[in-house]
Amino acid sequence: MIRILVVDDHPVVRGGLVGWLAAQPDLEVVGEAGDGLAALAAVAEHSPDVVLMDLRMPRMDGVTATGRIAAAHPGVRVLVLTTYDTDADIVRAVEAGATGYLLKDTPLPQLADAVRAAARGETVLAPPVAARLVSRMRAPAVETPTARELQVLSGVARGLTNADIGRELFIGEATVKTHLLRVFAKLGVDDRTRAVLVAVERGLLPGPGSAG
């Protein structure tokens, strides 16, 4: 039997989950809790195999409770079950130690399978959540222009030509162009004006009228 603790601050949702899971021949609901603090006490009391954890709850949220459970009871698997699928929520829950992340529109048979998989130590992610994590991991890291590249771009911001910038920095005009091309790539732009605007937006260059 897989022992389950259901944590959700909505009594109707919690009751529905408890009733359905308890009806499965290989699943046993050993407790329930309405917030993160109660969840910590219930884990200590009942030693469940899997905790179904809501995220947004009073007193202590699901991410904090997940981290506490992972630290104090490493053998307990926490399976997040929530309506929220923002990148920040997903990453915080996974970093806290959640074994899986499901959304509340998951069909009940799939939820039961996910609980079984979590009990085996498998990572369980709802398809939209998995897609978000993959996209986040594939996203290129934001590169910051070097000090020299910003010096060149500062010259552009002051209305200097490539030749003017080269003379000011004691570098060749071709080198100025190379620096600018690298800045364009790092800022995701394709012209001088846009490069200056994006650099100012990101705080890499002072805005018009700024001191210095």
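Ser47 is partly exposed, with 48% of its accessible area on the relative scale. That's a handy way into this predicted model, since Ser47 sits in the loop linking helix H2 (36–46) to S3 and has a phi near 50°, positive even though the residue isn't glycine. From there, the tour goes to the annotated aspartate, helix H3, the domain layout and two buried residues further along the chain.

**Backbone oddities**
- Most residues other than glycine have a negative phi.
- Ser47 goes against that sign, with phi near 50°.
- Arg59 is another non-glycine residue with a positive phi, near 65° in this case.
- You'll find Arg59 in the loop between S3 and H3.
- Arg59 counts as exposed because its relative accessible area is 63%, and the cut-off for that label is over 50%.

**The annotated aspartate**
- UniProt, in an unreviewed entry, lists Asp54 under "modified residue: 4-aspartylphosphate".
- Asp54 lies in the loop that runs between strand S3 (50–53) and helix H3 (62–72).
- Is Asp54 buried or exposed? Asp54 is buried, at a relative accessible area of 4%.
- Setting aside neighbours within four places in sequence, Asp54 is in contact with Val7, Asp8, Asp9, Gly62, Leu81, Thr82 and Lys104.
- One of those contacts, Gly62, also turns up among the buried residues of H3.

**Helix H3 and its two faces**
- Which residues of H3 are buried? They are Gly62, Val63, Ala65, Thr66 and Ile69.
- These residues sit on the same side of H3, because they cover an arc of only 160° around the axis.
- An α-helix has 3.6 residues a turn, so residues three or four places apart point the same way.
- On the face turned away from the buried side, H3 carries the exposed residues Ala71 and Ala72.
- What do the buried residues of H3 pack against? Their partners are H2, S3, strand S4 (77–82) and helix H4 (87–96).

**Rings and charges**
- If you're hunting for aromatic pairs, a search of the whole structure comes back with zero.
- There is a charge over a ring, though: Arg56 lies over the face of Tyr84, at 3.8 Å from the ring centre.

**Domain layout**
- The domain assignment splits the protein chain into domain 1 (2–138) and domain 2 (147–202).
- Taken over C-alpha atoms, the centres of domain 1 and domain 2 are 50 Å apart.

**Leu169 in helix H8**
- Leu169 belongs to helix H8 (residues 162–169).
- Leu169 has 13% relative accessibility, so it counts as buried; the limit for that label is under 20%.
- Not counting residues up to four places away in sequence, Leu169 touches Arg148, Gln151 and Val152.
- Gln151 is 18 residues from Leu169 along the chain, and their C-alpha atoms are separated by 8.2 Å.

**Lys186 in helix H9**
- Lys186 is part of helix H9 (residues 173–187).
- Why is Lys186 labelled buried? Its relative accessibility is 18%, and the label applies under 20%.
- Lys186 touches Glu143, Thr144, Pro145, Thr146, Glu149 and Arg202, again leaving out residues up to four places away in sequence.

Note on methods: Residues are numbered from 1 along each chain as its sequence is written. This is a predicted model: local features need pLDDT of at least 70, side-chain atom pairs count only at pLDDT 80 or more; totals for chains, interfaces and linings use all residues. Side-chain values use heavy atoms; hydrogens and water are left out. Helices (H or I, at least four residues) and strands (E, at least two) are DSSP runs, numbered from the N terminus. Buried means under 20% relative accessible area, exposed over 50%, partly exposed in between (1.4 Å probe, protein chains only). Contact means heavy atoms within 4.5 Å. Domain bounds come from an automatic or database domain assignment. UniProt positions are given in the numbering used here, feature names are shortened, and annotations may be inferred rather than shown by experiment. Rings of Phe, Tyr and Trp (its six-membered ring) pair if their centres lie within 6.5 Å; planes under 30 degrees apart count as stacked, over 60 as edge-to-face and the rest as tilted. A charge sits over a ring if NZ of Lys or CZ of Arg is within 6 Å of the ring centre and within 35 degrees of the ring normal. The arc is that of the directions from the helix axis to the C-beta atoms.
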